[in-house]
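Me: I've got a model open and would like to talk through some of the labels on it. Can you take my questions one at a time?

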Amino acid sequence: MARVYVCSCFGITETQVKEHAEAGACTPRQIASACKAGTDCGSCVRRIQAILGRGASPRREPALQGGLAGANDLAGRGEPVLSGLPEAA
């Protein structure tokens, strides 16, 4: 069987990544801790994510999501976000 290299910087194969995953590494960061893959140029991180079944990294929600109630509704309508807050007494 041919070796399929995931990380050419450190010579880490797909088989090695899968072995680390089976041993409990479930994120690219945990794979990096186990074998350094993804810590140099970073070009293998997406491949590591695919091997782990994670696909691409999910986008983070905006900071206000779930924060100030109604703030996203106001901003979405083009109104100043602070206009929905009660006046200070």
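Reply: Sure, we'll go through confidence, the core and the cysteines.

Reply: Keep in mind that this is a predicted model. The protein chain has a mean pLDDT of 78, with 60% of its residues at 70 or more. Over residues 64-68 the pLDDT is below 50, and that stretch makes 4 contacts beyond near neighbours in sequence. Where pLDDT is low, the predicted coordinates should not be read in detail.

Me: Which residues make up the largest nonpolar core?

Reply: There are 12 residues in it, among them Val6, Cys7, Ile12, Cys44 and Leu52. Strand 1 (5-7), helix 2 (28-35) and helix 3 (45-51) each give two or more residues to this core. As for Cys7, its contacts include Ile12, Ala37 and Cys44, leaving aside residues up to four places away in sequence.

Me: Why is Cys44 called buried?

Reply: Its relative accessibility is 5%, and the buried label applies under 20%, so Cys44 counts as buried.

Me: And what makes Cys41 exposed?

Reply: Cys41 comes out at 54%. The cut-off for exposed is over 50%, so the label fits Cys41.

Me: How many disulfides does the count come to?

Reply: The count is 0.

Me: Why is Cys41 not bonded to Cys9?

Reply: The closest cysteine sulfur to that of Cys41 is in Cys9, 3.7 Å away. A disulfide needs the sulfurs within 2.5 Å, so this pair is too far apart for a bond. Cys44 is in no disulfide either: its nearest cysteine sulfur, in Cys7, is 4.0 Å away.

How values were computed: Residues are numbered from 1 along each chain as its sequence is written. This is a predicted model: local features need pLDDT of at least 70, side-chain atom pairs count only at pLDDT 80 or more; totals for chains, interfaces and linings use all residues. Side-chain values use heavy atoms; hydrogens and water are left out. pLDDT is the predictor's confidence in each residue, from 0 to 100. Contact means heavy atoms within 4.5 Å. A nonpolar core is a set of buried Ala, Val, Leu, Ile, Met, Phe, Trp, Tyr and Cys residues joined through side-chain atoms within 4.5 Å. Buried means under 20% relative accessible area, exposed over 50%, partly exposed in between (1.4 Å probe, protein chains only). Helices (H or I, at least four residues) and strands (E, at least two) are DSSP runs, numbered from the N terminus.
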